[in-house]
Amino acid sequence: MKSKITFKEILILSKKEKSSKKIIIEAKNNIIFAENHRGKSTVIKSIFWALGLSPTHFFTNGKLDRNITCLLTISYDEDIFYFFRNGENRKLYDFGKKIIFETSENSKWQEHMAIFFNYPLSAIHFSNLQEYYLGLQGILTPYYINQDSSWSNRWNGPFDGLTRYIDFYQQVIEHFTGIVSNETVLKKQNQKKLNSKKKELEVELKIYKKSENQLIIHEYENTPLPDIDNNFFRQKLLKTSEILKKCKITQEDLKNEIIEVISEKNKLHNLLKNAYNTHHELVDDKNFLNKIKDNTYLECPTCGTNHLKTLKTDIAVEFDIQGIEENIYNLREQIENLNKNEKNLDSKLKLINDEIEELTLETQLSNDLNYSFESIIKTFSNRDIKQNLNFNMQELYEQIFSIDDEIDSIQLQINELESEEDIKHRKDKFKSYLKFFYDKLDVDTDILPKQVYYKPSLTGSSSSRSVLAAHLAYITLSYELTTFPLFPIIIDTIQQNGQDIPNIDKMVHTIAKFKHHQIILGMESLPNNYEAHSFKVIELINKRDSLLNQSQYNEHLLELDTFRSNLNYI
């Protein structure tokens with residue numbers, strides 16, 4: 001039997017405003033019913049925020065206290081747990097209100113959630129190529145259709161920061177649906193980690209090759225090593241050995257520092273390039289908005305809602321531009337500092353060469369080939385540089401070849417776990433489920449996404465119904481093929497893109513067929529069939545933009561006070 005999670009109640013409290021709100025949630029079907037700007041999306045997002053996530057646009061309108069406290073009560077296989085959050089501080093309590101886990105770091109929280117809910121998927125972060133557990137960010141993405149970002153025909157949300165992971169949506173959907181087995185997904189992740197490591201080594205190899213051109217004294221590159229009077233040269237070496245030893249140590253340190261500076265500059269230049277691209281896009285947005293008169297409504301390409309263009313809109317865009325310009329300034333300043341550091345290192349190298357030249361002035365070696373002391377030192381120096389670089393590059397080549405072998409070995413293991421025919425069969429099963437929900441939701445098309453993790457790319461009112469159909473197909477296939485726990489299906493505002501009453505009724509009817517899941521819908525108007533499907537209506541009757549109120553603040557504060565021994569903010 002699969003594990004099941006249901007949400008029982010959410011308490012939202014603002015100490016700053018001395019106001020609060022508690023919502024009791026039915027174990028089966030729920031509709032959070034309210035007009036626009038009455039807080040239904042805020043209630044839904046506060047559930048995910050309490051779970052330690054960052055739902056998109058939660059605080060963006062500036063009307064919600066960023067320092068709110070949320071307490072979510074859940075049932076997990078009949079056991080009660082409490083999820084507490086204030087700012088970045090996240091806590092998980094058991095039924096006896098004893099802390100199970102606490103942290104202010106998102107990565108640690110998601111790692112613990114991955115273990116707690118038995119969802120082991122991890123992904124590679126773009127910035128540092130490190131692996132992180134996705135936790136609730138992964139498993140809840142198919143379950144939650146966010147009003148602000150999820151109804152479009154491309155993935156964007158429902159939580160902030162998901163695109164910072166490599167192939168986030170592909171990995172999540174393939175893993176969640178069971179199209180690719182859990183074991184195969186983990187092995188593919190190992191392959192991606194190895195490929196990331198390989199790319200790092202290849203970059204390091206390029207740096208060594210570039211360093212060879214900078215460090216070799218080309219005038220003496222092809223000079224043969226001379227035959228010399230060993231006794232005479234030994235005497236000279238004894239006199240200069242301490243200086244040469246110091247020069248060698250310093251030279252080696254400088255080489256390593258130069259390599260590190262070059263590597264860091266390459267990274268910063270890439271970041272600067274990305275920052276310039278973002279700046280150009282923001283300036284284009286600003287120029288577009290400047291052509292639009294204030295108090296003009298513009299249709300949002302994501303949700304289809306008309307938004308009012310105001311002075312605040314211009315200020316927000318200008319603020320973003322200033323932010324990226326500051327970032328560009330900081331990056332250029334860092335690059336300039338690295339250039340100065342590189343110039344300083346070059347100067348130090350010149351000093352080392354000057355010391356060697358001073359030794360040359362002290363004595364000249366006379367032999368049949370008439371080699372100078374300077375030529376011998378520089379030729380030997382070239383030899384040592386080449387030997388060191390070749391040794392290091394050979395080690396890198398061996399590591400790269402070893403990684404290639406390991407990647408190939410993992411691929412053979414993946415091929416043994418499941419054949420292409422197995423995966424194709426699961427994908428075909430997904431397509432059949434998607435067609436089934438297309439039919440139930442009256443989506444009149446035979447066009448299916450090219451990949452399972454692609455969203456349908458329809459237009460008009462069918463677009464929203466096709467997105468819903470895709471999510472329901474994901475959940476259906478996951479129920480059939482995986483052992484993952486069952487989370488509530490949460491859909492915010494299905495009245496998208498001009499859905500008429502018959503289509504809304506069809507959507508509600510189809511969603512209500514998922515008897516194994518708790519269902520929470522955010523709606524602006526009640527469907528005709530809500531009673532037939534036993535939906536509990538949670539109506540928000542507060543004023544516009546005033547979800548929280550002061551009437552029960554003290555009572556709710558006392559409720560949180562039962563956690564006093566572990567809450568430092570009260």
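Gln495 sits in the loop that joins strand 13 (489–492) to helix 11 (501–512). The model is predicted. In it, Gln495 counts as buried because its relative accessibility is 17%, below the 20% limit for that class. The points below cover this residue, two further buried residues, and an open sheet of six strands with the helices that lie across it.

**Gln495 and its surroundings**

- Beyond the neighbours within four places in sequence, Gln495 is in contact with Ile504, Gly522, Met523, Glu524 and Ser525.
- With one of these residues, Ser525, there is a polar contact between side chains, at 3.2 Å from Gln495.
- Gln147 lies 348 residues away from Gln495 in sequence, yet the C-alpha to C-alpha separation of the two is 9.7 Å.

**Glu342**

- Helix 7 (residues 311–362) contains Glu342.
- The relative accessible area of Glu342 is 16%, so this residue is buried.
- When residues up to four places away in sequence are not counted, Glu342 touches Val261, Ile262 and Lys265.

**The six-stranded sheet**

- Six strands form an open sheet in the order 2-1-4-5-6-7, and their pairing is antiparallel.
- Strand 2 (19–24) and strand 7 (99–103) are the edge strands, each pairing on one side only.
- On average, neighbouring strands of this sheet are turned by 15° against each other, with direction ignored.
- Strand 1 (residues 5–14) pairs with strand 4 (residues 69–76) in the antiparallel sense, over eight bridges.
- Within this pairing, Ile10 has Leu72 of strand 4 as its bridge partner.
- In general, the strands of a sheet pair through backbone hydrogen bonds, in either a parallel or an antiparallel manner.

**Asn86 in the sheet**

- Strand 5 includes Asn86.
- With a relative accessible area of 15%, Asn86 is buried.
- The Asn86 side chain reaches the backbone oxygen of Ile68, at a distance of 3.4 Å.

**Helices across the sheet**

- Helix 1 (residues 40–50) lies across strand 1, strand 2, strand 4 and strand 5 (79–86).
- The direction of helix 1 is at about 100° to strand 1.
- Helix 2 (residues 106–116) lies across strand 4, strand 5, strand 6 (89–93) and strand 7.
- Helix 2 runs at about 20° to strand 6.
- Strand 4 and strand 5 are among the strands crossed by helix 1, and helix 2 lies across strand 4 and strand 5 as well.

Conventions. Residues numbered from 1 in each chain as written. Predicted model: local features only at pLDDT ≥ 70, side-chain atom pairs only at ≥ 80, totals over all residues. Heavy atoms only, no water. Pairing = 2+ DSSP bridges. Helix = DSSP H or I, 4+ residues; strand = E, 2+ residues; numbered from the N terminus. Axes fitted to C-alpha atoms, helices over the stretch in contact; angles between N-to-C directions. Contact = heavy atoms within 4.5 Å. Buried < 20%, exposed > 50% of the residue type's maximum accessible area, 1.4 Å probe, protein only. Polar contact = N/O pair within 3.5 Å; in protein donor to acceptor, adjacent residues only side chain to side chain.
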